[in-house]
Amino acid sequence: MARSTFSAVDEYGFERHEDFDYASYEDFMSVYLKVLASRAQKWAAMLGEGKSVKRTNTIKRYVRKGIPGEHRPSVWLAISEADKMREQAPDLYHKILDTPFEKELVEIIKTDLPRTFPDNIYFTKEANHQTHLFNVLIAYAHNNRVVGYCQGLNYIAGLLLLATKSEETSFWLLKVLVEKILPDYYTKTMDGLIVDIEVLSELVKSKAPDVHQHVINLGLPWAVITTKWFVCLFAEVLPIETVLRIWDCLFYEGSKILFRVCITLIKTNREAIMACNDFTSLAECFKAIVKNASALHCHEFMQSIFKVPGTLSNATIIKLRARFARQRREQQQKDKPR
């Protein structure tokens, strides 16, 4: 197929770079379009019966196989139970936007707007998504004073807008992510994020001990590798459709999905990682593994995240989080000036 068959911009408005692998993309789409058609039929049949989306094993199985784009806004709201949050304060979003904004928050958020997806046609100065993004972020910052605005939220809110095409839906989904699904990632101290990077390190140590030791030996901190993975929930890291498929599961199954994705990326690229012999080549390797063909083939990738890591229980994650959070508190006590 000729290169010109594909637009230079994808369906979500992201410009394809000069080194975009059109051959791999053609290979991927020739298979994935059939998957999309099949899943769309099944979702249409289920939702067409007038059934409300509830958290059942059937829905969980459907979610893991992918939610069609047209159903994502309503299904994400339902499976994350953000819709229940909205029912308790249905006018909240618009009420916040009708109140005066704090000048400092306005300035901080406006600084980050041009940095958000600069290669997306909808986020240029001429397009209106920057305004929509500002509204979502400023509303959330005023609604949650503990979090306020934290870098990384712009990418999440931006992708929510691209997927849902709705400011209010994006606001409620952002709220459920930050306050229910992700534990303290976006507070000023980012304690939850720091703890989860420690949790991941421990999980890699148990599931791929040779890789863990190799990374330690070369002196590359896990925080350097994975902070962006966690903070942006893989937005601006993995191919866009892969990210949305991850988010399908994230909204249903919670933050455990992030660990499954991280471990899958690390284990499936074991040979490339182990072949690195210095800090710099290892850092470049981790940048490359999120852009290769296996990450692009989102359907196979999503199947692999439930196989490659093996057993990964919520109980294990909770136990590890408690351990590393305790260690962090103890260290903070030691570091306090006397």
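Analyst: Let's start with one rule: residues are in contact when their heavy atoms lie within 4.5 Å. The model you're looking at is predicted.

User: Okay, which elements do the buried residues of H12 pack against?

Analyst: They pack against helix H8 (153-164), H10, helix H11 (209-218), helix H14 (256-268) and helix H16 (279-289). The buried residues in H12 are Trp222, Ile225, Thr226, Trp229, Phe230 and Val231. Right after H12 comes Leu233, with a positive phi near 55°.

User: What angle do H10 and H12 make where they pack?

Analyst: Helix H10 (residues 191-207) and helix H12 (residues 222-231) pack at about 115°, and their axes are 10 Å apart. H10 goes past H12 in a right-handed crossing. On the H10 side you'll find Leu193, Asp196, Ile197, Leu200, Ser201 and Val204, and these meet Trp222, Ala223, Thr226, Thr227, Phe230 and Val231 of H12. Sorted by class, the contact holds eight nonpolar, three polar and one charged residues.

User: How do you know how many disulfides the whole structure has?

Analyst: You search for them, and the search turns up zero. The general idea is that a disulfide is a covalent bond joining the sulfur atoms of two cysteines. To count as one here, the two sulfurs must be within 2.5 Å.

User: Then why doesn't Cys285 have a bond to Cys276?

Analyst: The sulfur of Cys276 is the closest cysteine sulfur to that of Cys285, but it sits 4.0 Å away. The limit is 2.5 Å, so that's too far for a bond. Cys298 isn't in a disulfide either, as its nearest cysteine sulfur, in Cys249, is 11 Å off.

User: Why is Cys285 called buried?

Analyst: Its relative accessible area is 10%. Buried means under 20%, so Cys285 gets the label. Cys298 comes in at 0%, so it counts as buried too.

User: And why is Ala8 called partly exposed?

Analyst: Ala8 has a relative accessible area of 46%. The in-between class runs from the 20% limit for buried to the 50% limit for exposed, so Ala8 is partly exposed. Ala8 sits in the segment before helix H1 (22-48). Residues up to four places away in sequence aside, Ala8 touches Phe14, Glu15, Arg16 and Tyr22. The C-alpha atoms of Ala8 and Phe117 are 16 Å apart, and the two residues are 109 residues apart along the chain.

User: What makes the phi of Phe117 worth a look?

Analyst: It's near 45°, a positive value in a residue other than glycine. In general, most residues that aren't glycine have a negative phi. Phe117 belongs to the loop between helix H6 (103-112) and helix H7 (129-143). With a relative accessible area of 2%, Phe117 is under the 20% limit and therefore buried.

User: What about Met190: is it buried or partly exposed?

Analyst: Met190 has 22% relative accessibility, which isn't under 20%, so it counts as partly exposed. Its phi is positive as well, near 50°, and it isn't a glycine. You'll find Met190 in the loop between H9 and H10. Among the contacts of Gln151 is Met190, along with Asp112, Arg115 and Val231, leaving aside sequence neighbours within four places. Gln151 itself is in the loop between H7 and H8.

User: What makes helix H3 "mostly covered"?

Analyst: Eight of the nine residues of helix H3 (residues 72-80) are buried. Those are Arg72, Pro73, Val75, Trp76, Leu77, Ala78, Ile79 and Ser80. The cover includes H1, helix H2 (57-64), helix H4 (82-88), H8, helix H9 (167-181) and helix H13 (240-253). Just past H3, Glu81 has a positive phi of about 65°.

User: Which residues touch the most other members of the largest nonpolar core?

Analyst: Tyr186, Phe234, Trp247 and Phe286 do, in a core of 111 residues. Take Trp247: setting aside neighbours within four places in sequence, its contacts are Trp76, Ile156, Leu159, Leu160, Cys232, Leu233 and Ala235. Another core lies apart, with nine residues, including Tyr22, Met29, Val35 and Leu296.

Terms used
Residues are numbered from 1 along each chain as its sequence is written. This is a predicted model: local features need pLDDT of at least 70, side-chain atom pairs count only at pLDDT 80 or more; totals for chains, interfaces and linings use all residues. Side-chain values use heavy atoms; hydrogens and water are left out. Axes are lines fitted to C-alpha atoms, for helices over the stretch in contact, and angles run from 0 to 180 degrees between N-to-C directions. Helices (H or I, at least four residues) and strands (E, at least two) are DSSP runs, numbered from the N terminus. A crossing is left-handed if the near helix is turned anticlockwise from the far one by less than a right angle, and right-handed if clockwise. Ala, Val, Leu, Ile, Met, Phe, Trp, Tyr, Cys and Pro count as nonpolar, Asp, Glu, Lys and Arg as charged, and the others, Gly among them, as polar. Buried means under 20% relative accessible area, exposed over 50%, partly exposed in between (1.4 Å probe, protein chains only). A nonpolar core is a set of buried Ala, Val, Leu, Ile, Met, Phe, Trp, Tyr and Cys residues joined through side-chain atoms within 4.5 Å.
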